[in-house]
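These are my notes from one sitting with the model. I looked things up element by element and wrote down what came back.

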2 protein chains.
Amino acid sequence: MKGNVIIGQSGGPTVVINQSLVGCVLELKRMKKLGRILGARHGVRGIINEELVDLGRLDKARLERLARTPSSALGSSRDKPDLAYCEKILAVFKKLDVETFFYIGGNDSADTCRIVDDLAKASGHPLCAIHVPKTIDNDLAENDHTPGFPSAARFVALAFMGDDLDNRSLPGIKINVVMGRHAGFLTAASALARQREGDGPHLVYVPERAFDIEAFIADVARVQKQYGRCVVAVSEGIHDAAGTPIASKLAAAVEKDAHGNVQLSGSGALGDFLADLLKKRLGAKRVRADTFGYLQRSFPECQSPVDAKEARAVGHFAVKQAAAGADHGSVAIRRKRQKPYGAELALVKLTDVAAKTRVVPGAFLEGNNDVSRAFLDYLAPLCGKLPRPERLS
Amino acid sequence: MKGNVIIGQSGGPTVVINQSLVGCVLELKRMKKLGRILGARHGVRGIINEELVDLGRLDKARLERLARTPSSALGSSRDKPDLAYCEKILAVFKKLDVETFFYIGGNDSADTCRIVDDLAKASGHPLCAIHVPKTIDNDLAENDHTPGFPSAARFVALAFMGDDLDNRSLPGIKINVVMGRHAGFLTAASALARQREGDGPHLVYVPERAFDIEAFIADVARVQKQYGRCVVAVSEGIHDAAGTPIASKLAAAVEKDAHGNVQLSGSGALGDFLADLLKKRLGAKRVRADTFGYLQRSFPECQSPVDAKEARAVGHFAVKQAAAGADHGSVAIRRKRQKPYGAELALVKLTDVAAKTRVVPGAFLEGNNDVSRAFLDYLAPLCGKLPRPERLS
């Protein structure tokens with residue numbers, strides 16, 4: 001590895017994203033690499049504005065504390081660089097003699113790596129751009145799962161476990177809205193809360209299946225009749241058969257982000273709409289909706305040990321690949337063994353991950369309102385040990 | 001203690017309410033009390049319907065597992081018994097030879113104890129009714145704090161800590177709505193998340209202060225200008241100077257519970273309203289609102305050790321008082337020492353707690369949008385050790 005290194009973090013934070021940052025930095029430091037290790041403030045924006053911090057000066061103790069801290073320590077960005085933006089990035093790389101770029105993020109970040117890498121090659125600048133995976137959505141192609149997802153899934157499972165006990169205590173209909181625009185992995189993770197017959201969530205709706213309002217009402221009525229209560233997991237991204245998000249049908253003035261996406265998180269509108277619907281149509285009295293929101297990706301004391309370890313490992317691995325002379329690539333997690341759980345890392349092509357979205361496979365779903373045993377077997381080893389609530393009778 | 005015992009749980013669950021239940025049962029078992037130890041399913045409703053479980057048959061290991069389980073294991077109730085309802089309760093007590101009644105709950109539960117106790121005395125039935133305190137709202141008179149509150153406060157502080165780091169990473173305006181109708185203790189607890197200058201929550205609005213919409217907009221604009229972002233804690237119970245809840249102003253059709261209260265929890269409407277307001281009035285782009293909802297009182301891995309210990313202790317103490325011949329009463333927690341923290345228990349009059357609401361004292365508040373140092377000193381020893389996030393620069 002020659003020249004200097006820039007590391008950035010992008011997209012929605014996770015509770016383990018700093019493990020990947022620290023994994024990169026510690027491995028670079030271990031290699032006694034002589035160039036500078038620069039951190040870009042707020043992702044690509046920090047690169048073009050040259051807002052950079054010297055990560056090489058941080059000692060190990062501080063780096064370890066940083067690794068345990070939730071949310072992107074460098075700051076993040078929602079910018080989705082186009083060709084012109086990427087040319088600016090490359091200009092800064094040339095100016096600062098940057099020959100290695102690690103970008104920790106989702107599929108948009110992989111795409112940024114791809115564009116910058118292409119531009120560098122075309123202009124003769126020696127660059128190794130490596131995408132380091134991160135997303136609570138678990139929607140990266142080529143990966144068994146992605147760093148950040150297991151901890152967020154643990155949060156969702158714990159939240160449903162507690163909320164189901166709450167709902168047993170004061171029975172009613174409870175809807176919990178979970179993050180996930182196109183991929184329902186996180187919503188599906190709610191099912192890990194179930195330990196005994198009758199435990200909620202009783203219904204799980206993911207964006208991989210069209211959401212039919214009439215079927216939903218009938219589903220809830222059936223569960224309510226059977227158990228005298230009903231706990232529902234709903235992905236924020238549920239949509240009708242035509243693909244129109246249920247959430248965007250509601251908003252009078254719909255807010256869109258830089259990627260052209262409708263704002264789904266940070267609002268309780270979808271949950272409230274569904275709760276009102278059930279009150280009206282079923283005449284149900286106690287109907288409540290909670291939208292878990294940003295807590296899913298930032299709650300400090302909810303890290304899966306496997307996730308923390310793997311988030312660190314993908315950072316290490318990215319540096320090792322760059323040092324070994326990789327041209328470019330994206331780090332991917334592959335499951336090696338199911339029992340005991342084991343994984344291995346691979347460097348795949350940027351084009352195999354960039355701007356692609358993996359959704360929940362059909363084998364992980366059951367009908368239109370549940371997950372399969374195969375999904376729970378897939379998920380369980382990732383999330384760490386869950387408590388086992390005791391019950392009366 | 002003669003005759004049989006009935007124990008019930010009432011109102012909103014907490015993560016430590018079963019510690020109090022188990023505290024009662026273990027102490028009764030230790031005393032080798034010969035009568036039956038009955039648990040009422042779903043509070044007073046389980047008494048009048050004679051839906052009772054034999055708690056004396058549970059072994060210690062199962063009781064200990066139950067103690068660690070969040071939410072009322074016996075089931076809870078929102079019924080607020082009037083005189084006629086209490087007469088039915090007393091009739092069951094007479095029929096089943098119940099001479100001791102422990103009711104774990106808030107100020108409404110203390111009031112139920114008071115009415116049943118009065119009726120029993122008037123009719124010559126020997127009864128000792130003891131109210132065992134529980135409420136995340138921390139709003140019981142005569143108490144320094146109440147079991148359930150420290151754990152919920154810990155959840156709120158951790159949630160704000162993570163969310164503030166998230167907001168640093170992707171700056172914007174973030175509103176978090178916290179439970180608490182009349183008492184703002186839980187919302188105030190958000191301030192425990194702050195560790196360094198500039199940390200959020202930057203603004204804290206409790207129901208003890210009238211909420212002025214124009215002042216709120218100006219407050220947020222000021223913080224936004226100073227820090228380039230703003231994290232706000234808002235109690236669900238905030239109201240205008242006339243006492244009208246901001247939340248109830250919004251609802252076209254307002255749902256009321258059996259106590260005549262407007263539904264505040266289980267809806268994201270208040271947060272969404274405030275977020276829309278800031279978008280319109282400040283032209284702010286990234287404004288998000290989360291409503292923490294039921295997670296605050298049920299999240300399984302968020303118990304304060306002090307809270308768990310005290311919730312157990314109030315159960316023990318209630319039984320000891322009954323055994324020592326107490327006529328009736330309510331168990332109260334008094335702070336004995338601040339450093340190191342220590343508390344002692346007392347039995348106070350039911351009439352001093354019943355149907356009374358304690359709110360955040362003026363000395364715990366600063367202006368209309370913050371808490372004081374005194375409040376943080378009061379709260380800190382109750383919530384357990386908090387993580388210390390690391391920062392860059």
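**Entry 1. A helix on the chain B sheet.** I started with helix 12 of chain B, residues 305-323. Helix 12 lies across strand 4, strand 5 (128-133), strand 10 and strand 11 of chain B. Against strand 5 of chain B, the helix runs at about 165 degrees. I note here that the model is predicted, and I read every value below with that in mind.

**Entry 2. The sheet under that helix.** In which order do the strands of this open sheet of chain B come? I read 3-2-1-4-5-10-11, 7 strands with mixed pairing. The edge positions belong to strand 3 (52-54) and strand 11 of chain B; each has a single partner strand, so one side of each has no neighbour in the sheet. From one strand to the next, the twist averages 25 degrees.

I then took one pair from this sheet. Strand 1 (residues 4-9) and strand 4 (residues 98-105) of chain B are paired in the parallel sense, over 6 bridges. Looking for what faces Gly8(B), I found Tyr103(B), in strand 4 of chain B.

**Entry 3. A residue in strand 11 of chain B.** I picked Ala346(B), which sits in strand 11 (residues 342-348) of chain B. Which residues does Ala346(B) touch, leaving out those up to four places away in sequence? I listed Phe317(B), Ser330(B), Val331(B), Ala332(B) and Arg334(B). I also checked Ala346(B) against Phe364(B): the two are 18 residues apart along the chain, and their C-alpha atoms are separated by 24 Å.

**Entry 4. Backbone checks.** I looked up the peptide bond between Lys339(B) and Pro340(B) and found it cis, with omega at about -5 degrees. Pro340(B) is in the loop between strand 10 (328-337) and strand 11 of chain B. In chain A, the bond from Lys339(A) to Pro340(A) is cis, with omega near -10 degrees. Pro340(A) is placed in the loop between strand 10 (328-337) and strand 11 of chain A.

I also noted Ser71(B), which is not a glycine but has a positive phi of about 70 degrees. Ser71(B) belongs to the loop between helix 3 (60-67) and helix 4 (83-95) of chain B.

**Entry 5. The sheet of chain A.** For chain A I recorded an open sheet of 7 strands in the order 3-2-1-4-5-10-11, with mixed pairing. Why do strand 3 (52-54) and strand 11 (342-348) of chain A each have one side without a neighbour in the sheet? They stand at the edges with a single partner strand each, so one side is left without a neighbour. Direction ignored, neighbouring strands of this sheet are turned by 25 degrees against each other on average.

The pair I followed was strand 1 (residues 4-9) with strand 2 (residues 37-40) of chain A, parallel over 3 bridges. In strand 2 of chain A, I found Leu38(A) as the bridge partner of Ile6(A). Helix 1 (residues 17-30) of chain A packs on this sheet and touches strand 1, strand 2, strand 4 (98-105) and strand 5 (128-133) of chain A. The direction of helix 1 makes about 170 degrees with that of strand 1 of chain A.

**Entry 6. Salt bridges.** Over all chains I count 54 salt bridges from the record of the model. One that I opened joins the side chains of Asp117(B) and Lys121(B), at 2.8 Å from N to O. Both residues lie in helix 5 (residues 107-123) of chain B, 4 residues apart, or about one turn of the helix.

**Entry 7. Between the chains.** How many residues of chain A are in contact with chain B? I found 66, facing 67 residues of chain B. About 5000 Å² is buried between the two chains, and carbon and sulfur atoms give 54% of that area. Glu301(A), Glu390(A) and Leu392(A) supply 15% of what chain A buries against chain B, more than any other three residues.

Across this interface the rule finds 8 salt bridges. I looked at Arg297(A) and Asp166(B), whose side chains meet in a salt bridge at 2.7 Å, N to O. The rule also finds 30 residue pairs in polar contact across the interface.

Elements of chain A that each supply at least two residues to the side touching chain B include helix 3 (60-67), helix 10 (269-282), strand 9 (287-291) and helix 11 (295-298). Helix 6 of chain A gives the most to that side, with 11 residues. By type, the residues on this side of chain A are 26 nonpolar, 20 polar and 20 charged.

Technical notes
Residues are numbered from 1 along each chain as its sequence is written. Chains are lettered from A and ligands numbered from 1 in the order in which they are written. This is a predicted model: local features need pLDDT of at least 70, side-chain atom pairs count only at pLDDT 80 or more; totals for chains, interfaces and linings use all residues. Side-chain values use heavy atoms; hydrogens and water are left out. Contact means heavy atoms within 4.5 Å. Buried area is the accessible area (1.4 Å probe) that two parts lose on being put together, summed over both. A salt bridge is a side-chain nitrogen of Lys or Arg within 4 Å of a carboxyl oxygen of Asp or Glu. A polar contact is a pair of N or O atoms within 3.5 Å; within protein, one must be able to donate a hydrogen and the other to accept it, and residues adjacent in sequence count only if both atoms are side-chain atoms. Ala, Val, Leu, Ile, Met, Phe, Trp, Tyr, Cys and Pro count as nonpolar, Asp, Glu, Lys and Arg as charged, and the others, Gly among them, as polar. Two strands pair if DSSP finds at least two bridges between them. Axes are lines fitted to C-alpha atoms, for helices over the stretch in contact, and angles run from 0 to 180 degrees between N-to-C directions.
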